[in-house]
Every structure is written in C-alpha cells, then in structure tokens.
Amino acid sequence: MTQAGKKKKRAVNRSIMLAKKIIIKDGGTPQGIGSPSVYHAVIVIFLEFFAWGLLTAPTLVVLHETFPKHTFLMNGLIQGVKGLLSFLSAPLIGALSDVWGRKSFLLLTVFFTCAPIPLMKISPWWYFAVISVSGVFAVTFSVVFAYVADITQEHERSMAYGLVSATFAASLVTSPAIGAYLGRAYGDSLVVVLATAIALLDICFILVAVPESLPEKMRPASWGAPISWEQADPFASLKKVGQDSIVLLICITVFLSYLPEAGQYSSFFLYLRQIMGFSSESVAAFIAVLGILSIIAQTVVLSLLMRSIGNKNTILLGLGFQILQLAWYGFGSEPWMMWAAGAVAAMSSITFPAVSALVSRTADADQQGVVQGMITGIRGLCNGLGPALYGFIFYIFHVELNELPMPEAAAGSSVVAQYHLQQNSIIPGPPFLFGACSVLLALLVALFIPEHTNLNVRSSNWKKHCGSHSHPHSPQAPGEAKEPLLQDTNV
C-alpha cells in the first residue's frame, strides 16, 4: 500500500473516532459510568475468569466423582462440544453485536458463561450439561475485542488487546490458588458461593457501569446493512485458506501445533490431579508458575529472539520446545518431571505470537484482517476438536481411575502415579505423545515457510468475496485478531 493510501486510511479512522466521540457526547449512550474505555472491558474479563479460576480445583474433583469410569473421555466431550459451539456461534454473535450494540451481548455472554457455576453443588450432571450448551454464548472475548476496537484507533489496539490478555492471564494465575486454599480451609461450597457472587458482581457491573461503545447512529442497521450469511458463517475464513501457498503453510502449521495444545488445556490439570498425584494446592501453584513464566516468555524472551534469530527461526524454536514439552508430559512418570516440562511449556508459548507477527509483517496492509481471521478460525476449530481427541485417546488407552479415588492423605505423593505406571508403564500420557508427533509435522511444514515474502493473497478475489459484507465496525479489522495469552477454558 502506498504512503498516500496509508495516510488516507488513518484519516478515515480518525474521522470515525471523532464521529463516535461527538455522538457519545451528545447523549448517544446514556447508560453506564463515564465514557467507554478499555478499563471497562478489562474489569469484565477479570471478574468472569477470576470466578471460573476459583473453581479449578473443585471442578476437577466433581468431574471425577460424576464420571468415575470415563473421566477423561467425558471431560473431552464436554469441552469439545463447548469449543465447537463457540466456534460456530462466534461470527453470528459478533455480527449481531455490530447491529444491536456491544453492551447487551457482553451481558448475554457473561451471563450464560457463568450460569453453570451455582449448579456445581446443586446438580453436577446439570452443571456439566449446561457447560456444554453454554458454548453457544461463551464468546466473551469476541465481544470484548469488538468493544475495544470501537473505542481505540488502529495504532492503539495492540496495546489495548495486550492489556486485556494480560488481565485474563493474571486472573487465572491468582484465582486457582485462592480457590484451592479456601476449599481446603472452608470447603468447596464456600468456593462455589464466592464464585457465584463474583459472577453476579460482573453482571451488575455490566448493567450499571459499562457504557455502550457502539452508538445507535454508528450501527450498520441505520445504514440499511442487513446481516448476511457470510458474516455469520464460521467456515467463511477457512474457505479462503487454499488461495495462497504461503497462507496454506502457515494455517497447516497453526492447525497441527494448536490441536494438541487445545486438547492439553482441557485435560492437563485433571491429569495432574488424578493421575500424577498433585494436590489441589500443587495444581494451583503449577498454574500460577506456568502463567507467570508464559507472560515472561511472550514479552521479554520473544522480543529478544525476534531481534536475534528472526521471525521464522523463532517459530521453529517455539515448535521445538513444544515437541520437547509434550514428549516429556507423555513419558513423564514423576511429579518433578511435570514441573520441569512446565518450564519448557512456557517457552513453547512463543509460537503463536511469532506466527501472528510473521503474518502482520509479510501480509499487505489491506489483507491483515483476512489472514489473521483464517488463523483465528483454525484455532477456534481446534478448541472443539482438541479436547474431544484427547479424551478419546485417553479412553482407548484405558487411562482411567476406575478403582482408585484420590485420598487427600496421598496428595502430593507419587502413590497415584505409581498406580498409573502399573497400568500403563510404557506411555503414561498417550495423548501428549500423539501431540508431540503432530507438532513434529507442524515443524516440518514450517520449514517451508519463507522468511521474507509478501503475501500477495489474490487481493482482488478476496476483496470481491469480502466486500459485500464488510463495514467500518467489523471486529476483525486489520491487526485486531490477537488471541489471549491463555485460552478461554474452564478447566
């Protein structure tokens, strides 16, 4: 894109922002406290995932008590259904929020995401059933990112999204440890009550304090732009993957590397608790340490690597760390091995930010949103397929706890681990070894990605395909499709 084109685009963005500010100042958003800001979105995210983080340890216990014979299989199915429903519904909810405003959909997504919390003690079966169905509305991040896009200019969004992602990570770093301590001292019922109270506080905050970021006069409905199927089609971005060989290589790399990562997120803490003999406090400490190390890896270490060895080599290094981490999880038989592999896992978290940076540096400015949208769509698909795949592999390898409940007296020891080794001594964690093989394929594919190439992804065809349903307030604007540091998951 020419320098004149870039200046024109910045001028358009400034004009849109000025129009929004004028409308808001004239009374376009009477609800809420103050003007819309990134801090409103940050508080919404923090409260929602802090509430769920408190339930990390109780959820693992209730999951095993509810499904004692097929714990990992049922966990994979529950999280898999939730992930697939989220993938299918996210584009439609995003399109509807463009028409009806962000605040109402923030309220809707937070309410349905947190609705299962009080059911944990009322009816565990209903608890897990509602978790699965809640995937239809469990897309808070999509609405929050659209909210942030409404109130920031393009050059400010990376920092704003980074703040949202860091807040999400911070909530999950602190809350599992707090929930485990309160559960041990006062019982899980208190933890569920506290999590429910925080979820209600989040809902009340949205109702009372969060102002609408998309004024009535700025919505596409007022311009006569109806919602089309292309806007609500979750597979729309995936259909364009094969139109460019370099994009295809990047997308295959993302799919093969993130599929095992998504499965790992859904089952790994259960694996630590029930198979490796970790106590609730140890699981919470593991989450905290891994989260802190991941934040350091994705900021300081990533920056140093990008400057010293380059973008592509950073991706390859991250995939190498991921292979080592998954193989270590797969063959590890002692708790200390899990801790050591966790440090390697933190280093492997540099892969996706490096992939996003590669796309942003090599794609044309007017194609950023399309390419990033493809990658985000593939990750969303993996969020549904990965947990189900891991649960199925655990099931076919008979990694279950049919006879041995985990006593607290044995927590932190290797009693459960030794029992597991007697059952499956060669490969303690089969899905992790499968994941290592998948990432190895991703590494081989990534070798063919050129370091310095402009992604001329047939912009004329893409513009023809996308032009009929794009508008200035699409949440998928250039450079916006950044993922949180951790994934939207309850376990």
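1. A quick definition before we start: a helix here is a DSSP run of type H or I with at least four residues, and helices are numbered from the N terminus. With that in hand, you can find Trp-339 in helix 15, which covers residues 335–348. Keep in mind as you read that the model is predicted.

2. Let's start with the whole chain. The protein chain has 20 helices and zero strands. It contains 491 residues, and 56% of them count as buried. Its accessible surface comes to about 20100 Å², with 68% of that belonging to carbon and sulfur atoms. If you take the contacts between residues at least 6 apart in sequence, 86% of them join residues at least 24 apart.

3. Back to Trp-339, and to the company it keeps. Which residues form a nonpolar patch on the surface? They are Val-289, Ile-292, Leu-293, Ile-296, Val-300, Leu-304 and Trp-339, and together they have about 570 Å² of accessible area. Helix 13, residues 280–308, gives the most to this patch, with six residues. Trp-339, sitting in helix 15, counts as partly exposed because its relative accessibility is 35%, and partly exposed means between 20% and 50%.

4. Helix 13 has another residue worth a look. Ala-285 belongs to this helix and is partly exposed, with a relative accessible area of 31%. Try measuring across to Val-173 in your viewer: Ala-285 and Val-173 are 112 residues apart in sequence, yet the C-alpha to C-alpha distance is 8.5 Å.

5. Now for charges. Side chains of opposite charge can pair when their charged atoms come close. How many salt bridges does a search of the whole structure find? The search turns up one. Glu-281 pairs with Arg-184, and their closest N and O atoms are 3.0 Å apart. Glu-281 lies in helix 13 and Arg-184 in helix 9 (residues 157–186), so this pair ties together parts that are 97 residues apart in sequence. As for accessibility, Glu-281 is partly exposed at 28%, and Arg-184 is partly exposed at 48%.

6. Lys-103 is a charged residue with a different story. You'll find Lys-103 in helix 5, residues 102–114. Lys-103 is buried but has no salt bridge. Why does Glu-212 not count as a partner for Lys-103? Glu-212 is the nearest side chain of opposite charge, but it is 7.3 Å away, and a salt bridge needs the nitrogen and the carboxyl oxygen within 4 Å. Lys-103 does have backbone oxygens to look at, though. The side chain reaches the backbone oxygen of Leu-207 at 3.1 Å, and a polar atom of the Lys-103 side chain lies 3.4 Å from the backbone oxygen of Ile-206.

7. Gln-322 is a polar residue tucked into helix 14, residues 311–331. Is Gln-322 buried or exposed? Gln-322 is buried, because its relative accessible area is 5%. Its side chain reaches the backbone oxygen of Ser-257 at 2.8 Å. Setting aside neighbours within four places in sequence, Gln-322 is in contact with Ser-257, Pro-260, Glu-261, Ser-348 and Val-439.

8. Next, a nonpolar example. Met-120 is in helix 6, residues 119–122, and it is buried, with 2% relative accessible area. Not counting residues up to four places away in sequence, Met-120 touches Leu-55, Pro-58, Thr-59, Val-62, Tyr-127 and Val-192. Take Val-62 from that list: Met-120 and Val-62 are 58 residues apart in sequence and 7.8 Å apart in space, C-alpha to C-alpha.

9. Finally, have a look at Val-144 in helix 8, residues 140–151. Val-144 counts as buried at 1% relative accessibility. What is Val-144 in contact with, leaving aside its neighbours within four places in sequence? The contacts are Ala-41, Ile-45, Leu-106 and Val-164. Val-144 and Leu-106 are 38 residues apart along the sequence, and their C-alpha atoms are 7.3 Å apart in space.

Terms used: Residues numbered from 1 in each chain as written. Predicted model: local features only at pLDDT ≥ 70, side-chain atom pairs only at ≥ 80, totals over all residues. Heavy atoms only, no water. Patch = residues over 30% accessible without salt bridge, like charges linked within 9 Å, V, L, I, M, F, W, Y side chains within 5 Å. Areas by Shrake-Rupley, 256 points an atom, 1.4 Å probe, with all protein chains shown as cover. Helix = DSSP H or I, 4+ residues; strand = E, 2+ residues; numbered from the N terminus. Buried < 20%, exposed > 50% of the residue type's maximum accessible area, 1.4 Å probe, protein only. Lys, Arg positive; Asp, Glu negative; His and termini not counted. Polar contact = N/O pair within 3.5 Å; in protein donor to acceptor, adjacent residues only side chain to side chain. Contact = heavy atoms within 4.5 Å.
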